[in-house]
Every structure is written in structure tokens, then in C-alpha cells.
Amino acid sequence: MSHYFAEDPALPDDLRTFAYYYGNQKFMLTSNSGVFSPGHVDPATDLLLKTVPPLQGSLLDLGCGYGVIGIVLAKAFGLEATLADVNRRALDCAALNCRQNDVAAQVVQSDGFAHIPGLFGCITLNPPIHAGKEVVYGLFAQAAQHLAPGGAFYVVMLEKHGAPSAARALSALFGNCEILYKKKGHRVMRCTKS
Ligand SMILES: C[S@@+](CC[C@H](N)C(=O)[O-])C[C@H]1O[C@@H](n2cnc3c(N)ncnc32)[C@H](O)[C@@H]1O
């Protein structure tokens, strides 16, 4: 069985283009097989997008998949965005989606922050739960190292995927973890770098 987080060049393409609305702004997005949430924006991703307040400065969309979070926030708030993922196929979609939506972003293949230098004003993450807790908590720890002072880390998680324990781990890392949204089994969390 093929999972979105595994590189599988043998997987046949299944390109799907669909619309996503952020307020009254329309985005055209293309997904492929082997990429997270093909053909529609994942409900948790949608919730994260609709919960984050207006942002400014630089944004890292960590584990960007086909790039919806970075593209939408970059366009909505005029941010300088970096879109990063370990999955080449996802990044090909992310690059296409940047072009399709007139967003100039850096698109980087990186396992965690291996190829992402510098500090960011905001980092967003819908974590790769299926990659395991070690990977997810590793991304949390690396994000804490790559935020500029005053910067914010936004994470969306399902309670059944361990959001309560993730909130405790994030509090220990950052010294704070606000729950911005908590309903229907979802949590959107914000940690601020002191
Ligand atoms: C739940 S998906 C979210 C995708 C996208 N942000 C969205 O909301 O539609 C998690 C993403 O993390 C990526 N990922 C998994 N392990 C990673 C790692 N070690 N470093 C960077 N990205 C990783 C996966 O390839 C996947 O695209």
C-alpha cells in the first residue's frame, strides 16, 4: 500500500485540480497520487487556515504537501513564503500551485529543517501523524529552533491523534501553548517564541 509520506516514483499520476475558497478569494489547487489529501483540502488544514489571525513577515509552511497553507496565507497577507516537504511529488504540485495562483514562494525539498536555513516569523504545520510521534515531535523541536523571537508556530491536530499530549510537549518546548480552536475533536494551537 502506498502512503502519502512515502516516496513512490512508480505510483501512476492522478492529477486533480479543484477550487478552494478563503473568504471570497478563490484558489485553484492541483493534487496528485501519493500526496496528502488529494482532490480536496483536508478539514484540519481548512480549520488551521480559518483560525490563524492575519500574519506578517516570513512564513514557513512545514510539510507543505501540495502547498495550500503557504499559498493561501502568502497571497492573503502578502507574506514571503517558503514551502517545504520531504516528498518530491508533493513539491512538484506545490510549485505548480504557486504558478497557478501567482504566488512567488521558495519550494524546498527537506527532511525536517535539513535544507531550510534561517529563522521565520511564522511556521505552520499539519503534522504527518502517520510518520510517527518521533518524527512529529522532532518537527516541533526543530520549529522551535527556527522561529525568530516573537515568532509563532501554528499546529493543527486531532484529539484522537494525540493533540492533548502534543499540547503538553509544545508547552514544555516553548513555555506556552494557546489553544486557539477546540471543537469537534480538532485543536489549533499557537506557540510563541520568547
Ligand atoms: C498531514 S500532511 C499536510 C500536508 C499539507 N500541509 C496540508 O495541510 O494539506 C503532512 C506533510 O508532511 C510531510 N512530511 C512527512 N515527514 C516529513 C519530514 N520529515 N519533513 C518534512 N515534511 C514531512 C508529508 O510528506 C506531508 O506532505
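Below are three short exercises on a ligand site and a pocket in a predicted model.

**Exercise 1. The shell**

Task: State how many residues surround the ligand, and how they divide by class.

Solution:
- Step 1. Count the shell. The ligand is surrounded by 17 residues.
- Step 2. Pick out the closest. They are T45, G63, D85, D111 and G112.
- Step 3. Sort the shell by class. Eight residues are nonpolar, seven are polar and two are charged.

**Exercise 2. The polar contacts**

Task: Find which atoms of the ligand pair with D85, D111 and C64, then say what share of the ligand the protein buries.

Solution:
- Step 1. Start with D85. One of its polar side-chain atoms is 2.6 Å from an oxygen atom of the ligand.
- Step 2. Go to D111. An N or O atom in its side chain lies 2.8 Å from a nitrogen atom of the ligand.
- Step 3. Turn to C64. Here a polar backbone atom is 3.5 Å from a nitrogen atom of the ligand.
- Step 4. Look at the cover. The ligand taken alone exposes 590 Å². The protein buries 96% of that area.

**Exercise 3. The second largest pocket**

Task: Describe the second largest pocket by its volume and lining.

Solution:
- Step 1. Give the volume. It is about 190 Å³.
- Step 2. List the residues closest to the pocket centre. Among the 14 lining residues, these are F36, D42, N126, L158 and H161.
- Step 3. Assign elements. α1 (43–51) and β7 (147–158) each give two or more residues to the lining. The largest share, three residues, comes from β7.
- Step 4. Sort the lining by class. Nine residues are nonpolar, four are polar and one is charged.

How values were computed
Residues numbered from 1 in each chain as written. Predicted model: local features only at pLDDT ≥ 70, side-chain atom pairs only at ≥ 80, totals over all residues. Heavy atoms only, no water. 1 Å grid on protein atoms, 1.4 Å probe; cavity = no way out; pocket = protein on both sides within 12 Å on 5 of 7 lines; lining within 4 Å. Points joined across faces, edges and corners; volume = space filled by probe spheres on them. Helix = DSSP H or I, 4+ residues; strand = E, 2+ residues; numbered from the N terminus. Nonpolar A, V, L, I, M, F, W, Y, C, P; charged D, E, K, R; others polar. Near = heavy atom within 4 Å. Polar contact = N/O pair within 3.5 Å; in protein donor to acceptor, adjacent residues only side chain to side chain. Areas by Shrake-Rupley, 256 points an atom, 1.4 Å probe, with all protein chains shown as cover.
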